[in-house]
Amino acid sequence: MADWPQSRPFDSNVLSVVSTRSLTGGINIGAPATAAWPLANRALYIPFRLNLPFLVAQMWVIVGTSISGSVDLGIYSYDGTRLVSSGIGTPTAINAIYSVDLNDLQLNPGRYFMAMSNGIVGAFQRHAPGGVALNAMGYFQEASAHPLPAVAAFAANTTSYLPCMGLTSKSTI
């Protein structure tokens with residue numbers, strides 16, 4: 001046994017689509033920019049993994065230069081079962097973080113999906129790494145999924161839209 005104390009791996013209290021625990025993390029996905037949501041009522045499912053337990057207090061997304069429609073944010077198990085949904089809400093400020101409480105959902109180590117749907121084609125901050133790259137990482141979409149459904153009907157992705165969104169264990173962002 002080593003003389004040095006063993007430490008736990010560093011674990012941040014924020015997980016985003018560009019963090020190393022997101023399957024898009026660690027690749028060059030370009031700078032974010034404001035762009036219209038790909039299609040009204042579409043849901044996007046972004047994969048992520050956890051190596052340690054994570055208590056989710058809030059989800060967030062960065063709103064772009066205009067506000068249109070309503071948003072639903074959620075987390076799904078890897079088999080497509082919805083674990084939590086924010087319910088439909090409407091962002092109130094442009095160029096700002098829109099965050100929602102998720103009542104402290106405990107996630108165990110494993111693979112999950114962050115999900116977002118938008119009722120109208122609103123504008124959000126997003127990355128655009130290319131649809132081929134997103135498909136290779138296990139990114140899915142669903143055509144008519146607003147509000148987010150109890151069970152996701154994962155479909156092949158047809159967009160390069162990666163919203164600037166994430167989870168946090170903090171009660172305020």
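In what order do the four strands of the open sheet lie, and is their pairing parallel or antiparallel? In this predicted model, the order across the sheet is S1-S13-S4-S7, and the strands pair in antiparallel fashion. The edges are occupied by strand S1 (14-16) and strand S7 (97-107). Each of these two strands has a single partner, so one side of each is left without a neighbour in the sheet. On average, neighbouring strands of the sheet are turned by 25° against each other, direction ignored.

Within this sheet, strand S4 spans residues 54-62 and strand S13 spans residues 165-168. The two strands run antiparallel and are joined by four bridges. In this pairing, Val61 of S4 stands opposite Met165 in S13.

The protein as a whole contains 13 strands and one helix. Along the sequence, the elements follow the pattern β-β-β-β-β-β-β-β-β-α-β-β-β-β, which places the helix after nine strands and ahead of four others.

Contacts were also examined by separation in sequence. Among those between residues at least 6 apart in sequence, 83% join residues at least 24 apart. The pairing of S4 (residues 54-62) with S13 (residues 165-168) links two such separated stretches of the chain.

The protein has 173 residues, of which 47% count as buried, that is, with under 20% relative accessible area. The exposed surface of the protein amounts to about 8200 Å². Carbon and sulfur atoms supply 55% of this area.

Conventions. Residues numbered from 1 in each chain as written. Predicted model: local features only at pLDDT ≥ 70, side-chain atom pairs only at ≥ 80, totals over all residues. Heavy atoms only, no water. Buried < 20%, exposed > 50% of the residue type's maximum accessible area, 1.4 Å probe, protein only. Contact = heavy atoms within 4.5 Å. Areas by Shrake-Rupley, 256 points an atom, 1.4 Å probe, with all protein chains shown as cover. Pairing = 2+ DSSP bridges. Axes fitted to C-alpha atoms, helices over the stretch in contact; angles between N-to-C directions.
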